[in-house]
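Me: Could you walk me through the ligand site in this one? I'd like to start with the terms.
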Amino acid sequence: MENNITYTIQDIKKETENVFTLTLSYDGNLPLFKAGQFITVFFPETGHVEGKSYSISNIISPNSFTITIKSIGVFSNKLISLKAGDKLSASFPYGYFYTESDSSSLVLISGGIGIAPFKAMIQESLLKTPNRKIILFYSNKTQKDIIFKNEWGQLTEKYPETFKVNHYITQDYKNSNCVIPAQAGIQVLNTGFQIKFGMTTKDGRIPVADIIEQSKNLSDPEFFLCGTIPFVRDYWRGLKEGGVPEISIYTEAFF
Ligand SMILES: Cc1cc2nc3c(=O)[nH]c(=O)nc-3n(C[C@H](O)[C@H](O)[C@H](O)COP(=O)(O)OP(=O)(O)OC[C@H]3O[C@@H](n4cnc5c(N)ncnc54)[C@H](O)[C@@H]3O)c2cc1C
């Protein structure tokens, strides 16, 4: 815990029914940090003296960023109960879930809250390396669970040549009470991008074949996996079996 510092909560925003984004700032100089890194938050009173990790979901400035939290248990609920002005004890950003290359294409595969580091990576990449191609494969149980839904729409419209999103909805693809038009099958938007609805495999997961197919014409693709341990394990195996070299696969498992 020797590296922990005190952040100030600047803002808290509800993203979905059970997901919230906190804006943190540090009153000092943070070491240079990157999209894809995370912080460890400390609430020793919860009994978790080693803390719990949360990925940076947006870099705002050299001393401010956001984290996005799904309320699951005691620790995450304590985090989302914070208010603007509250203090938070946490580590400096760290971790290695990022590419060193500025030219590779990015294939990002996530389930649920596993989207958090990708939000920061996508924004950073579109800003700093706007010609780099990015394809996001994003799986959720229902359309209401899609985190940053409006932002995905805005970014695909703004960067039609470089950024593509494939949504996979495993449970309620016929639910019409949703911003994204709900119908099974494929919808081609006027941006030229495809958004997929519904289950294309029995359990509704993203088919590895879709990932391989869509990335085959990309130059120097690198594959990033983020989600639960089984999610990351299964897609790592699937990609490897599909011929993706291990060295091109980066993983971050939330546990
Ligand atoms: C490198 C790293 C980065 C992480 N980044 C984030 C992040 O950006 N945002 C975030 O919200 N979390 C993130 N996590 C997970 C986070 O650290 C906590 O594990 C999480 O908040 C749950 O802690 P808790 O004490 O609230 O719930 P717990 O008491 O640990 O869990 C309560 C119950 O929920 C189940 N559960 C745990 N995780 C999930 C899940 N993902 N979906 C469904 N059920 C689950 C558990 O099995 C348990 O039954 C990250 C973890 C790691 C290792």
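Reply: Domain bounds here come from an automatic or database domain assignment. The model is a predicted one, in which local features need pLDDT of at least 70 and side-chain atom pairs count only at pLDDT 80 or more, while totals for chains, interfaces and linings use all residues. Residues are numbered from 1 along each chain as its sequence is written, and side-chain values use heavy atoms, with hydrogens and water left out.

Me: OK, which domains does the shell around the ligand draw on?
Reply: Domain 1 (5-90) and domain 2 (105-254) each contribute at least three residues to that shell.

Me: And how many residues surround the ligand?
Reply: There are 19, counting a residue when one of its heavy atoms lies within 4 Å of the ligand, and the closest are Ser53, Tyr54, Ile72, Ser76 and Phe255.

Me: Which element gives the most to the shell?
Reply: That is β4, with four residues; β4 (48-61), β5 (64-70), α1 (74-80) and β13 (249-254) each supply at least two. Helices (H or I, at least four residues) and strands (E, at least two) are DSSP runs, numbered from the N terminus.

Me: Switching to polar contacts, what does Ser76 do?
Reply: An N or O atom in the Ser76 side chain lies 2.5 Å from a ligand oxygen, a polar contact being a pair of N or O atoms within 3.5 Å. Polar backbone atoms take part as well, with that of Ser53 2.7 Å from a ligand oxygen and that of Thr68 2.9 Å from a ligand nitrogen.

Me: How much of the ligand does the protein bury?
Reply: The protein buries 70% of the 960 Å² that the ligand exposes when taken alone, with areas from the Shrake-Rupley method and a 1.4 Å probe.

Technical notes: A polar contact is a pair of N or O atoms within 3.5 Å; within protein, one must be able to donate a hydrogen and the other to accept it, and residues adjacent in sequence count only if both atoms are side-chain atoms.
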